[in-house]
Amino acid sequence: MVPNTKYIIPQILIVDSEHNNWNIDEVGVGCVDFLSKELIDIFIDKETQPEDILNQCRAIDENYIYEEITEIKSKKDIENLEWVSGGFHDARIAKEELQDGILYLKFDGTWGCEIEVWFWGDVEYDTSSRDPEYYDPYWLGSTVILQDGFVYLADEDDLTVNDITKGNYCYFKARHMKYRVIPD
């Protein structure tokens with residue numbers, strides 16, 4: 001986070017929730033198993049870092065392939081979206097367009113980024129509960145569900161498909177969903 005500000009401003013966006021071979025404490029804080037917080041603190045205060053540690057970090061990074069646009073096809077894809085979006089906390093729909101059966105959304109207010117989302121294939125949605133003329137447009141949380149060949153996105157935590165109905169929540173349902181992160 002950006003230090004010495006009254007706002008929470010992330011400097012790094014986590015786009016992949018993978019943490020195999022990490023040491024994680026009871027509150028979920030941790031790092032790769034060849035480092036520790038103490039070692040990291042020591043390295044930060046020095047102008048150079050140990051070459052063996054840098055090589056291990058580079059090897060991990062070298063194997064990662066960043067996909068600019070990600071289609072939601074699995075629970076892992078959902079988890080990655082939730083990590084980078086912060087569960088859409090403080091997000092709002094800044095732009096909504098339906099063209100040729102493809103619904104495009106642009107979310108702003110997410111911490112550290114904007115997020116573009118596309119839905120297609122049997123698209124169904126209701127945004128009336130977040131109409132800024134009448135209601136608070138900002139989301140507190142979100143739920144993404146894959147079920148029965150559909151993907152759902154709704155503006156509340158821990159929902160089920162049965163909870164997601166017109167008029168109750170701002171929601172989106174389609175056969176396909178993809179997203180793109182735009183860092184601030």
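Asp108 and Arg92 make a salt bridge in this predicted model, with their closest N and O atoms 3.0 Å apart. Asp108 sits in strand β5 and Arg92 in strand β4, so the pair ties together parts that are 16 residues apart in sequence. Both strands belong to an open sheet of 5 strands, ordered β3-β11-β6-β5-β4. Here's the rundown, starting with the charges and then moving on to the sheet, its helix, the odd phi values and the cysteines.

**Salt bridges**

- The count comes to 10 salt bridges.
- In the Asp108–Arg92 pair, the acid is the buried partner, because Asp108 has a relative accessible area of 17% and the cut-off for buried is under 20%. Arg92, at 27%, is partly exposed.
- Glu68, Glu116 and Arg180 are joined into one network by salt bridges that share partners.
- Lys76 pairs up with Asp16, and here the closest N and O atoms are 2.6 Å apart. Lys76 is in helix α3 while Asp16 is in the segment before β1 (22–24), so this contact links parts that are 60 residues apart in sequence.
- Lys76 is partly exposed at 31% relative accessibility, and Asp16 is partly exposed at 25%.
- Arg58 and Glu51 also meet through their side chains, with an N to O distance of 3.2 Å. Arg58 is partly exposed, with a relative accessible area of 45%; Glu51 is partly exposed too, at 47%.

**The sheet**

- Pairing in the sheet is antiparallel. In general, strands of a sheet pair through backbone hydrogen bonds, either parallel or antiparallel.
- The edges are taken by β3 (69–71) and β4 (92–99), each of which pairs on one side only. From one strand to the next, the twist averages 20°.
- β5 (residues 102–108) and β6 (residues 113–120) run antiparallel to each other, with 6 bridges between them. For a register check, Leu105 has Val117 in β6 as its bridge partner.
- On to β6 and β11, which are antiparallel over 8 bridges. Trp118 has its bridge partner in β11, namely Lys178.
- β3 and β11 are antiparallel as well, over 3 bridges. Ile69 stands opposite Arg180 in β11, and Arg180 is also part of the network with Glu68 and Glu116.

**Helix α3 against the sheet**

- Helix α3 (residues 75–85) packs on the sheet and touches β3, β6 and β11 (176–183). The directions of α3 and β11 make an angle of about 30°.
- Ser85 is a residue of α3, and it is buried, with a relative accessible area of 2%.
- Leaving aside residues up to four places away in sequence, Ser85 touches Thr110 and Ile115.

**Positive phi in the loop after α3**

- Most residues other than glycine have a negative phi.
- Phe88 has a positive phi, near 65°, and is placed in the loop between α3 and β4.
- Asp90 also has a positive phi, near 70°, and is found in the loop between α3 and β4.
- Burial sets these two apart: Phe88 is buried at 1% relative accessible area, whereas Asp90 is partly exposed at 28%.

**Cysteines**

- There are 0 disulfides in the structure.
- Cys57 is in no disulfide, and the nearest cysteine sulfur, that of Cys31, is 9.2 Å away. The cut-off for a disulfide is a pair of sulfur atoms within 2.5 Å, so this distance rules one out.
- Cys57 is partly exposed, with a relative accessible area of 32%.
- Cys113 is in no disulfide either; its nearest cysteine sulfur belongs to Cys170, 18 Å away. Cys113 is buried, at 1% relative accessibility.

Terms used. Residues are numbered from 1 along each chain as its sequence is written. This is a predicted model: local features need pLDDT of at least 70, side-chain atom pairs count only at pLDDT 80 or more; totals for chains, interfaces and linings use all residues. Side-chain values use heavy atoms; hydrogens and water are left out. Two strands pair if DSSP finds at least two bridges between them. Helices (H or I, at least four residues) and strands (E, at least two) are DSSP runs, numbered from the N terminus. Axes are lines fitted to C-alpha atoms, for helices over the stretch in contact, and angles run from 0 to 180 degrees between N-to-C directions. Contact means heavy atoms within 4.5 Å. Buried means under 20% relative accessible area, exposed over 50%, partly exposed in between (1.4 Å probe, protein chains only). A salt bridge is a side-chain nitrogen of Lys or Arg within 4 Å of a carboxyl oxygen of Asp or Glu.
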